[in-house]
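Please open the model in your viewer and keep the selection tool at hand, since this tour moves from one charged pair to the next.

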Amino acid sequence: MTDLPGRENDPNDNPFAMFGSPEQMAAAMRQFADMLSASASPEAGPVNWEMAKNIARHAVVAEGDPSVMEGERREIVEALNLADLWLNEVTALPSGVTTPQAWSRSEWIEKTVPVWKQLCDPIAAQMVQTMGGTLGAAGLPPEAEAMAGPLIGMLRQMGGMMVGQQIGQALGTLAREVVGSTDIGLPLSDTAALLPGGIAAFGQGLETPSDEIRLYLALREAAYHRLFQHVPWLRAHLLGAVEEYARGITVDVSALEEKLQGLDISDPARIQEVLGGGELLKPEETERQKAALARLETALALVEGWVSTVVDAAAAGKLPSAVALGEAVRRRRATGGPAERTFATLVGLELRPRRLREAAALWKALGDHRGIDGRDAVWNHPDLMPTADDLNDPESFVKGENAFDLSSLDEPGQGTDDQTGQPGE
C-alpha cells in the first residue's frame with residue numbers, strides 16, 4: 001500500500017483512480033504532451049528557459065519598453081568610460097570596461113539569461129527531480145510501474161514549466177527595476193551596461209541632476225566589472241555556494257500529495273496554479289546548507305562592500321551628490337531591492353544590510369591601514385578573504401600581518417596573475 005492520494009477509497013487498489021478512467025487519463029496525457037512539446041527545446045534542461053524568457057518579455061512590454069535612443073546610448077557609454085577613468089585612481093585592479101552598452105529592459109532579459117541559467121538550474125534541477133520522483137518513490141506495486149512511468153515523466157516536464165514560469169515572472173519584475181548588469185551582486189554579462197529606463201526609475205523622487213545619477217551608477221557598474229574580470233576565482237566561488245545550497249532543496253511531499261487530492265488532471269491550467277508557489281519548497285536545515293548560505297551571504301557582502309568603498313572614493317570631490325546617492329543605494333538594499341528579492345525568490349537567500357555596512361567598513365579600514373594595493377591584494381586568493389567572523393571583528397583582520405602572506409599560495413594553479421598588485425608594507 002502507499003499513501004498516494006485517492007488510493008484509500010479505491011476498492012481495486014488502483015493508484016491512479018483519482019485521475020479518472022484510463023480513457024480520461026490517456027486523453028489528459030495527450031493534452032499535456034501537446035502543451036509541453038509546444039514550448040520545449042531539444043536541449044532543454046530542468047527549466048524551460050524559452051518560456052521563462054517569453055513570460056519575462058511580456059511582463060516588461062506590457063508596461064512599456066521603448067528602444068534605447070541614440071542620445072541615451074551615447075550618454076551611457078560616455079558615463080561608463082568616464083567612471084572607469086575615475087576608478088583608476090582608487091583601485092589597483094585594472095579596467096573591466098571594454099565595450100560599454102545601453103540596454104532596453106527586453107535586451108537585459110535576453111543578454112542575462114545565460115548567467116541566470118547557471119544560478120537557477122542547480123536549484124531547479126533538484127525541484128523538478130524531486131517532484132517527478134514523488135510518485136515513483138511512493139512505493140507503487142510492480143504492476144503499476146509501467147503505467148506510472150509516463151506520468152512521472154510528465155510531472156518532471158510540468159515541474160520544469162512551473163519553475164520556468166516562476167523564474168520568468170521574477171525576471172520580468174526585476175527587469176523593470178534594475179539599472180545595469182550587476183544589480184544582484186555579480187555581473188550577469190561580460191559587458192558593462194546600463195538601462196536608461198532603470199536609471200530614470202531609480203532617480204524618481206531624488207532632487208539630483210540626471211547626469212550625476214547616471215555617472216554614480218556607472219561607477220558602481222564599472223567597479224563590479226573590474227572586480228569580477230580580474231579576480232578569476234570569485235564567480236565560481238559564488239556559483240559553487242548556490243549549487244551547494246541547491247543540494248538541500250526538496251519538495252514537501254505531504255503538501256504535494258495534499259494538493260493532488262481530488263485534482264482534475266484534464267485541467268492543465270488548474271494543475272499549474274495548484275502546484276505553483278514556493279510553499280512546496282522545503283530547504284533542509286542541515287549544517288552543510290547553512291554553511292553554504294553563510295558563505296554566499298558573506299561573499300556577496302564583501303563584493304558589495306568593496307564596490308561601495310571604491311565608488312565613494314572615486315566620487316569624492318567630483319560628484320556633489322555622491323553621499324546622497326550612496327545613501328539612496330543603501331536604502332534600496334535595506335528595503336529589499338532587486339538583489340534581495342531575486343535571491344529570496346530564486347535562491348532562498350536574503351542579504352542583510354548589516355553585513356553590507358560591516359563589509360564596507362572593513363574595506364575602508366583596510367585601505368586606510370594598508371593602502372590601495374594592500375587592500376586589493378586580499379582578492380588574490382580566496383584563503384586571504386575576510387570571513388563572517390572577521391566582519392564581526394574587523395580590527396583584528398585589518399591589523400593581522402600574517403593574513404597577507406602569499407608565499408604558501410605560489411604553487412602552480414593556486415595563484416593568480418600579478419595584475420592585482422602585492423600587499424603593501
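Begin by selecting arginine 220, which in this predicted model is a buried residue with a relative accessible area of 10%. Add glutamate 304 to the selection: glutamate 304 is buried as well, at 6% relative accessible area, and both values fall under the 20% that sets the limit for that word. Show the side chains, and you will find that arginine 220 and glutamate 304 meet in a salt bridge, with 3.1 Å from N to O. The pair joins distant parts of the chain, because arginine 220 belongs to helix H7 (residues 210–230) while glutamate 304 lies in helix H11 (residues 287–315), 84 residues apart.

Stay with helix H11 and go to its residue 287, a glutamate. Which residue does glutamate 287 pair with in a salt bridge? Its partner is lysine 290, and the closest N and O atoms of the two are 3.8 Å apart. Here the two residues sit in one helix, three residues apart, and so are separated by about one helical turn. An α-helix has 3.6 residues a turn, which means that residues three or four places apart point the same way. Colouring by accessibility would show glutamate 287 as exposed, at 60%, and lysine 290 as partly exposed, with a relative accessible area of 39%.

Next, select glutamate 110 together with arginine 57, which form a salt bridge whose closest N and O atoms are 2.6 Å apart. This pair, too, links distant parts of the chain, with glutamate 110 in helix H4 (residues 105–136) and arginine 57 in helix H2 (residues 49–62), 53 residues apart. Glutamate 110 counts as partly exposed at 38% relative accessibility, and arginine 57 is partly exposed at 23%.

Now widen the selection to Glu50 and Lys53, for these residues, with Arg57 and Glu110, are linked in a network of salt bridges. Side chains of opposite charge can pair when their charged atoms come close.

With the network on display, select the whole of helix H2, which has 14 residues and reaches 20 Å from its first C-alpha to its last, close to the 20 Å expected at 1.5 Å a residue. Which residues of H2 are buried? They are Trp49, Met51, Ala52, Lys53, Ala56 and Val60, and among them Lys53 is a residue that you have already selected as part of the network. Following H2, stop at glycine 64, whose phi is positive, near 95°.

To finish, display every salt bridge in the model, for which the count comes to 16.

Technical notes. Residues numbered from 1 in each chain as written. Predicted model: local features only at pLDDT ≥ 70, side-chain atom pairs only at ≥ 80, totals over all residues. Heavy atoms only, no water. Salt bridge = Lys/Arg side-chain N within 4 Å of Asp/Glu carboxyl O. Helix = DSSP H or I, 4+ residues; strand = E, 2+ residues; numbered from the N terminus. Buried < 20%, exposed > 50% of the residue type's maximum accessible area, 1.4 Å probe, protein only. Expected span 1.5 Å × (residues − 1).
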